[in-house]
Amino acid sequence: MAALTDVQKINILGRESIHCGFHLVPYIVRTVLTELPASTYVLITDSNIAKFYFPAFEEEFDSTLSGLTNGSHARPRFLSHIIPPGETSKSREGKAVVEDFLLLNKCTRDTVILALGGGVVGDLVGFVAATFMRGVRFCQIPTSLLAMVDSSVGGKTAIDTPHGKNLIGAFWQPEFIFIDAALLETLPSREFSNGMAEVVKTAAIWNDSEFNSLESRSAEIFAAIQTPSTDYAGRSRKTRSLAQELLLAVIIGSISVKAHIVTIDPTEKGLRNLVNFGHSIGHAIEAILTPTILHGECVSIGMILEAELSRQMGILSQVSVGRLARCLKAYNLPVSLVDPRIADLPSAKLITVERLLDIMRVDKKNQGNDKKIVLLSRIGATYEQKASVVPDSLISKTLSESVTVIPGIPSFNPVKMTTPGSKSISNRALVLAALGTGTCRLTNLLHSDDTQVMMAALSELKGAKFEWEDGGETLVVHGGNGSLSVPPQGKELYLGNAGTAARFLTTVCTLVQKSPADDAEMTVITGNARMKQRPIGPLVTALRTNGSVIDYLESDGCLPLSIRPNGLKGGSVQLAASVSSQYVSSVLLCAPYANEPITLELIGGQVISQPYIDMTIAMMKSFGIEVSRRTEKDTGKLLDIYDIPKGSYQNPSNYSIESDASSATYPLAIAAITGTLCTIQNIGSLSLQGDAKFAREVLERMGCEVTQTATETTVQGPPIGELKAVEVIDMEVMTDAFLTATALAAVANGKTRIVGIANQRVKECNRIRAMIDELAKFGVSTNELDDGLEIMGKPVEEHKKGVSVHCYDDHRVAMAFSVLASLIPGTILEEKRCVEKTWPNWWDDLQNKIGLEVKGVELSTPSVSFSSNAVPFKSVVLIGMRGSGKTFIGDLAAAALHWKFIDADDHFETVHKIGVRQFVHENGWPAFREAETKLLQDLLNQQGHEHVISLGGGIVETPSARDLLKDWVSEGGVVVHIARNIDEVIEYLGLEGSRPAYGEPVNDVFQRRAPWFAECSSHRFINHVEAFVEGKIVIDPTDTKRGIREEVARFFNHITGVAANLAQNLKPGHNSYFLSLTYPDVLLALPRLEELSAGVDALEVRVDLLRSKEDIEPQGKHIPSEAYVADQIAALRRVTSLPLIFTVRTVSEGGAFPDHARKEVSSLLNLAISLGVEYLDVEMQLPEQTIRQLIARKGSTQIIASWHDWSGRLKWGSPEAQAMYDIAARNGDIVKMVFTASTMLDNFDCRAFALKTNNRPGAKPFIAINMGAVGQLSRILNTTFSPVSHPLQPSRAAPGQISFAQVQKALHLIGELPATKFYLFGNPISHSLSPTLHNTAFETLGLPHTYELLETAEVGEDIKNTIASPDFGGASVTIPHKMNIIPSLDQLTPAAKAMGAVNTIIPKNDSSTRLLVGDNTDWLGIRGSIAARIAVGQIHAALVIGAGGTSRAAIYALKDLGAKVIYVWNRTHDRAEELRVSNPDVNIQVINELGNWPNATVSPNVIVSTIPASETSLEDKPGYLFYPASLFSYLDGPAIVLDLAYKPVETPLLKLAKMTASNWDTAQGVEVLLQQGYAQFEQWTSRKCPQGPVSRKVWEVYYNRA
Ligand SMILES: NC(=O)c1ccc[n+]([C@@H]2O[C@H](COP(=O)([O-])OP(=O)(O)OC[C@H]3O[C@@H](n4cnc5c(N)ncnc54)[C@H](O)[C@@H]3O)[C@@H](O)[C@H]2O)c1
Ligand SMILES: [Zn+2]
């Protein structure tokens, strides 16, 4: 059986040791056993491969060995060893495992090892063989394509170390290399492509005919591995299919080249370097992207970049670069870093020019500091027979994604050049020359998918022969005179997605005539899936009607087609030509070869694209065939009927393809703008291309001198700065050139109006918009028109310099702006690659043919700048519908910011001495709008700082007012849109009539203005006046603890940067936490929000989890509406001032947001900034553009720059992690990295990494955690914004998330949070509620601390020892020690100093020393209780009863609240007087009789009693203080009485208040105690006290005792 095996042998290093064929297992075993006698044969493979092939080898060895009758000798052994698949096996550890196996099995020097597998197995086993017993024999049986064509050939063996790949190894030649191509049938297709990269590489450097076949036969080559060969088909030549032959030929071709090179240069001294083509850059990319992206994939990109380098140096033609790229693409390989397979990876962000150059620095090929790269000179040859030295500057230019043009006079002036050939003309010329007789040299051909596919198909049909000359500049066509043959049976013509080729070739195939030698009956043309949907029906119908036999093989009207080789009959042909002119051209081009002359009649209505039909006819004429078009006899009107004579094309010896006229506009425009001369050869007055009119109709009118011959166009620009604006240019016939004209108009003197280009809105991008937006960056104003735009030209000097132009991935935008860039310094074109569509080497030509230097630029992230306090803050402008609450909110905002408020309506009245209503009545709306806009301008100029300006609702109706507002925002100002539910507005307006009525439904006005409000504002404040509209949001009003007042203060302080609402615990030495809210609707959380958020510093809103009731899908991917998100944020603001973290997590990051909805993510993040959200979680995987845009407008909002890795691949401490950190630190205010832990050790690595980076000077706050249950420890150890959950929440935000209390407990257990002791010093204190208060708080938060009583008569040893103890956490101080304690302390806070009393001791640990700080929070308790009822500044007069320590706190609080006068009553007048004297800055009046006020008009609306209630009475009896009802004579508004006594529950004072006046509110001492206790707790722990649970418990204990 084995005898039937056919193998081909290849010589390497003088021996025919490479044996190639199909199904070789028996052959291999037999050859090894006979040629390599040994005591032991060891087969080593990986488990993937073992699954498929191990049994066959084992069986073959067993049966062959057992058949051996071995007389005296022991029978050889067959052993096998299977290793895990993957690169990690190729390591020191992996090598040891294999060696141990061999040693354990007592393998000796005469062992033969068989390496069955890919490059991993081959490299590892080869290296083991090289050193085991000082070297044993081995054979390579490569199973992957890469291993077959590359790693198994050449004797290089190696393993990896953590320092790099392949760093330890040996040259060790295998005895045999068995290439069994049938093994490839199980190879995953991506791995196959991976190997094809090396195959293409080898052909590219060495063998152009090999390359031709790879280029044209990719589909067949793929098919060869995708069709399983049954019954060992292919083992013998006879049973081998065409596809198998082809596959083997490809492999052998590639191996032969490598074997040849290796033989000449076995140890890699020079020539062998050539096989490194694509590898210098490819390896650098691989170093960053491995293992996600495979070697061959990186090399594929590397080849293109290195080829571009060669092109840039003027060595390689664009045609060759294009062919290489198309060929690699055909094998599913990526050809650029912007390929989504790469650009979408998180690690793709790590690819920077600098990093790549850095990695390339250690390339083995380098010569000292000089990098060496293999330069291709054409397909199949290299520039030198070795790698060439290339300067870094050129490499970095090739690698960078953006470019800048250095302005100046083109150094090649006068420039004479051709621009890339026209695509349409290239396609036609190719068909004409192929069908013609004689040899034709085509120059300036645009080599594209279409031409490539067409050439391959025409060769296959034996219709013509093609050769490249001049390194690809010239295509030599040996015409076949219309003789074509059927391709062999089973061979289909594969056209990919090349549309023009498919149309033209359909008719070409009907020309085929069968000859007796042909085995096939039909010509089949097919394409890829997309091609199979594109229409071809009208053409097929026309040809069928004419007698051709054409069948649709799949769906009607589309490819694939089977066409019978009958020749084209001719005569009359009717064709529907309203869909595509290409059908017409197809028939015209082939018509001369029909059996009879053809009369082609176009039917079916309006003929589309007549110019292209004319173009075909004109070109046919150049090849000797004249088509005549019929006219109507009487009128001479042209008819759609054409007569084509029989004949054959006479090939001109040279045919130069006309340049693409749109491309030609750029060099011509550069001449125009730089005042120089440029001649474009190949395009002149005879051109049929519409854009050829650009020179005459645009440039000449702008002041250029234009000379045009039939085939050349020359433009001389006026001196710089003298281009003239043109009033109107209609560019309908040359729409593509409008971008070029617009760029010129930007520097012309005057206004240019360009019309007739409406279709340009639906090109690669909305080009009109794109030009407007990008020109604005230069400071050029424009107006958009229905069918065009107006450009207000501006002198060159006034253009903004250093503009970065976004190109919208549109070649025309990029090239048009490079015209402007040749004059305006520092202009950056952001995406240089977008020119690839029509002029891939535009940047090279700009430098090498025009003579303007082009430099690579790497876009740097704008530095994170922050408004400094030195400059005054810019005024805030409020806009919004009338009735939305602008005045109300503006007033509050101004008060909170301590700025001035201006109401524009009032201001209007002041300025115009007449009300708005009256003005409109007298002068009409237009006059009012004008006056209003003028006023706005003046306000912004004169009150531009530290004012809150509220504007009229209609201000946005005026475009110039909108511009003013937009400018204000773009200059860093704040414009807030006050948004209020429109129904509420309508209701509110019903009550108010001082301003002019709308005269139209309010709703319509609202709809019209809504987009304007949005576009003019930087922020949005949601004013839920009826906070919770019935039926929409249902909240218990008691949950809405915060008033609108507090939210206005938070919002405006934050967005202006006056006092950003940021978490305080982010500073070093503190731990901070955020709670992830995982509710679909945060309203569900509001009632318990306080409890949920206990201890945390911020709340995270997981926006991707939000789902409104209208969102039907309860689970899965989801994008919540912006309106819903805004409402949710507003709802949260009603109950909490904790900073919010806004997070949109995508599915692959563990969230619910669809992965590719990047636009939506970006709009949501922008919404968050508008809403004044404090923190934004921004994934670093988002497009660079988005990130930069967010940074640019974030204001006080901080960016958490985050990375998430779910794969578990990324390791802390790896260079990749470091690079990720660096990127995030550059972009964010806070860095967040979330990896996945696989073992506990990962948590320590995480901590170590964080400690290391945090120690760097100026380090940003850093969130470093691991996901997964194993990762929990990292959440405990993390110090910045640790995400926590809460047991009350429905679900956790991420696996492994634990609660705040759990974290504290865990920290305590591991010794990171020692328990400390807190005390109450005083006497008597046994009834104190303070232990209840603080111990409840500690317990709720999971803190290990305790609070106890220390009752002492004096401040003695007990207290002194206690406060000196290391576990002292802090103390409350009460009567009688509040003053006596002071000498034992180190420092007093201003409040304690002012009051001369201390109620709180806080130990502050300062590196080595510890300071005891005395504070007094009593006043905060009093202040809080009053402020909850009466607004700041509304205290007309206050009364303080008593003059002890506590009364000092009361006075301090009242002063802070702005009480205008404070009456003090005390039993002993002198002590009251003392109080007055010691508070000189407060208006204190001592009174002698309660209820009798010195100034009768001002009775107090606040009363604070600080004396024991047991000494008071409502009856006038001796020994008691009598309270008269006249205490409560204030009746005009809110008033409050506080009794600081705890006993009884209802003191006489409070009882009296309740009985006397309904406007008086009462507050018990416990309330004040609680308030000051909260403050105390916060001082000690830096955590908010969990007020709910604490107050519940304290009140409970209090009532139980009473
Ligand atoms: N020595 C050299 O000159 C040289 C040259 C190039 C590359 N290399 C080395 O080669 C290695 C890469 O080789 P590779 O791409 O073959 O990787 P590999 O060995 O890891 O194989 C790729 C994957 O395909 C599987 N596989 C291989 N053949 C299969 C088959 N026939 N059917 C099903 N699955 C199959 C493997 O199990 C593996 O999962 C790298 O370590 C690289 O450094 C060495
Ligand atoms: Zn390689």
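This is a short guided tour of the structure above, stop by stop.

**Before you start**

You're looking at a predicted model, where local features need pLDDT of at least 70 and side-chain atom pairs count only at pLDDT 80 or more, while totals for chains, interfaces and linings use all residues. Residues are numbered from 1 along each chain as its sequence is written, chains are lettered from A and ligands numbered from 1 in the order in which they are written, and side-chain values use heavy atoms, with hydrogens and water left out.

**Stop 1: the whole chain**

Zoom out and show everything as a cartoon. The C-alpha atoms fill a box of roughly 140 × 110 × 55 Å, taken along the principal axes. You'll be scrolling past 52 helices and 64 strands; these are DSSP runs numbered from the N terminus, with helices being H or I of at least four residues and strands being E of at least two. Of the 1602 residues in the chain, 58% are buried. Buried means under 20% relative accessible area, exposed means over 50%, and partly exposed is in between, using a 1.4 Å probe and protein chains only.

**Stop 2: the zinc ion**

Now select ligand 2, the zinc ion. Which protein residues are its donors? Pick Glu198 (OE), His279 (NE2) and His295 (NE2), and you'll find them 1.9 to 2.1 Å from the ion. Donors here are N, O and S atoms within 2.8 Å of the metal (3.2 Å for Na, K and Ca), and water is not among the atoms, so sites may look incomplete. Along the sequence, the spacing of the donor residues reads E-x80-H-x15-H. Colour helix α10 (residues 279-289), which holds His279, and helix α11 (residues 295-312), which holds His295: the pair ties together parts that are 16 residues apart in sequence. Both His279 and His295 are buried.

**Stop 3: ligand 1**

Next, select ligand 1 and show the residues near it (a residue is near if one of its heavy atoms lies within 4 Å). There are 26 residues around ligand 1, and the ones that come nearest are Asp46, Gly119, Thr143, Ser144 and Thr186. The shell divides into nine nonpolar, nine polar and eight charged residues. For that split, Ala, Val, Leu, Ile, Met, Phe, Trp, Tyr, Cys and Pro count as nonpolar, Asp, Glu, Lys and Arg as charged, and the others, Gly among them, as polar.

Try the distance tool on these pairs:

- A nitrogen atom of ligand 1 and an N or O atom in the side chain of Thr186 are 2.7 Å apart.
- Another pair to try is a nitrogen atom of ligand 1 and a polar backbone atom of Leu183, at 3.0 Å.
- For Val120, go from a polar backbone atom to an oxygen atom of ligand 1, and you'll get 3.1 Å.

How much of ligand 1 does the protein bury? Taken alone, ligand 1 exposes 850 Å², and the protein buries 88% of that. These areas come from the Shrake-Rupley method with a 1.4 Å probe; for residues, only the protein chains shown count as cover. Helix α2 gives the largest share of the shell, four residues.

While you're here, click Leu145 in helix α5. Leu145 counts as buried, at 1% relative accessibility. Its C-alpha atom is 9.2 Å from that of Gly119, although the two are 26 residues apart along the chain.

**Stop 4: three strands**

Select strand β34 (residues 788-792), where four of the five residues are buried. Strand β32 (residues 751-755) runs antiparallel to β34, and five bridges join them. Two strands pair if DSSP finds at least two bridges between them. Look for Arg753, whose bridge partner in β34 is Glu790. Strand β33 (residues 782-785) also pairs with β34 in the antiparallel sense, over four bridges. Here Leu785 stands opposite Gly788, and β33 and β34 form a hairpin with two residues between them.

**Stop 5: backbone oddities**

Jump to Pro1324, in the loop between β51 (1317-1322) and α44 (1330-1341). The peptide bond from Asn1323 to Pro1324 is cis, with omega near -5°. Lys1543 and Pro1544 are also joined by a cis peptide bond, with omega about -10°.

Finish with two histidines. His23 has a positive phi of about 50° although it is not a glycine, and His898 has one of about 60°. Buried or exposed? His23 is buried, at 14% relative accessible area, whereas His898 is exposed, at 73%.

Methods: A polar contact is a pair of N or O atoms within 3.5 Å; within protein, one must be able to donate a hydrogen and the other to accept it, and residues adjacent in sequence count only if both atoms are side-chain atoms.
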